[in-house]
Amino acid sequence: QVQLAESGGGLVQAGGSLRLSCAASGSIFSFNTMGWSRQAPGKQRELVAAIAPGGTTNYADSVKGRFTISRDNAKNTVYLQMNSLKPEDTAVYYCVTMKGLRLATMNVASWGQGTQVTVSS
């Protein structure tokens, strides 16, 4: 089984940037599609980005052009660079393993503990 540990969340002003990291263990990381999801209180969890083992990416319209997902297979780590942050980006962000690049809940296999991102106005 895979274990995921997110880090890098925090409080930033609107327009600022954060980089989230996810350390994976317990499985062969290089063969997994990875992603990031987020959930704000009272809202459904939203898959925002995914990246295939070879580097192909997929983004939700809500973050396209602002967020960049990347991975370092040698380090078993996936990243989410978040730029031009908006207050509506405030959420708990989860690193997830996926079964494909389609941003659908049914493609999520596992997720981490989450890291809080708060964007002030």
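Here a biologist and a modeller talk through a predicted model.

Biologist: Let's start with Ser 37. Why is Ser 37 called buried?

Modeller: Its relative accessible area is 1%, and buried means under 20%, so Ser 37 counts as buried. You'll find Ser 37 in strand β4, which covers residues 33–39.

Biologist: What is Ser 37 in contact with, leaving aside its neighbours within four places in sequence?

Modeller: Ser 37 is in contact with Arg 45, Glu 46, Leu 47 and Val 48, and also with Val 92, Tyr 93, Tyr 94 and Val 96. To be listed there, a residue needs heavy atoms within 4.5 Å.

Biologist: Which residues line the largest pocket?

Modeller: Ser 37 is one of them, along with Gln 44, Arg 45, Glu 46, Leu 47, Val 96, Leu 103, Ala 104, Thr 105, Val 108 and Trp 111. The volume of that pocket is about 160 Å³. As for strands, β5 (46–51) and β10 (108–111) each give the lining at least two residues.

Biologist: What makes a residue count as lining that pocket?

Modeller: An atom within 4 Å of a pocket point does it. Ser 37, Trp 111 and Val 108 are among the residues on the list.

Biologist: How does the lining divide into nonpolar, polar and charged?

Modeller: There are six nonpolar, three polar and two charged residues in the lining. Arg and Glu go under charged, and Arg 45 and Glu 46 are both part of the lining.

Biologist: Sticking with Arg 45, how do you know that its charged end sits over the ring of Tyr 94?

Modeller: The charged end of Arg 45 is 4.1 Å from the centre of the Tyr 94 ring. The distance cut-off is within 6 Å, and the direction has to be within 35 degrees of the ring normal. This pair is listed as a charge over a ring. The charged end of Arg 45 also sits over the ring of Trp 111, 5.4 Å from its centre.

Biologist: How many aromatic pairs does the structure hold?

Modeller: Zero. A pair would need ring centres within 6.5 Å.

Biologist: On to the loops. Why is Lys 43 called exposed?

Modeller: Lys 43 has 53% relative accessibility, and exposed means over 50%, so Lys 43 is exposed. Lys 43 is in the loop between β4 and β5. Along the chain, Lys 43 and Ala 91 are 48 residues apart, yet their C-alpha atoms are separated by 9.6 Å.

Biologist: What makes Asn 76 partly exposed?

Modeller: Its relative accessibility is 28%. Partly exposed runs between the buried limit of 20% and the exposed limit of 50%, so Asn 76 is partly exposed. Asn 76 sits in the loop between β7 (67–72) and β8 (77–82), and has a positive phi of about 55 degrees although it is not a glycine.

Biologist: Why does Ser 84 count as partly exposed?

Modeller: Ser 84 is at 40% relative accessibility, again between those limits of 20% and 50%, so partly exposed is the right label. Ser 84 is in the loop between β8 and β9 (91–98), and its phi is positive too, near 50 degrees.

Biologist: And Pro 87, what does it touch, not counting residues up to four places away in sequence?

Modeller: Pro 87 touches Ala 14, Val 119, Ser 120 and Ser 121. Its place is in the loop between β8 and β9.

Key: Residues numbered from 1 in each chain as written. Predicted model: local features only at pLDDT ≥ 70, side-chain atom pairs only at ≥ 80, totals over all residues. Heavy atoms only, no water. Helix = DSSP H or I, 4+ residues; strand = E, 2+ residues; numbered from the N terminus. Buried < 20%, exposed > 50% of the residue type's maximum accessible area, 1.4 Å probe, protein only. 1 Å grid on protein atoms, 1.4 Å probe; cavity = no way out; pocket = protein on both sides within 12 Å on 5 of 7 lines; lining within 4 Å. Points joined across faces, edges and corners; volume = space filled by probe spheres on them. Phe/Tyr/Trp six-rings, centres within 6.5 Å; stacked < 30°, edge-to-face > 60°.
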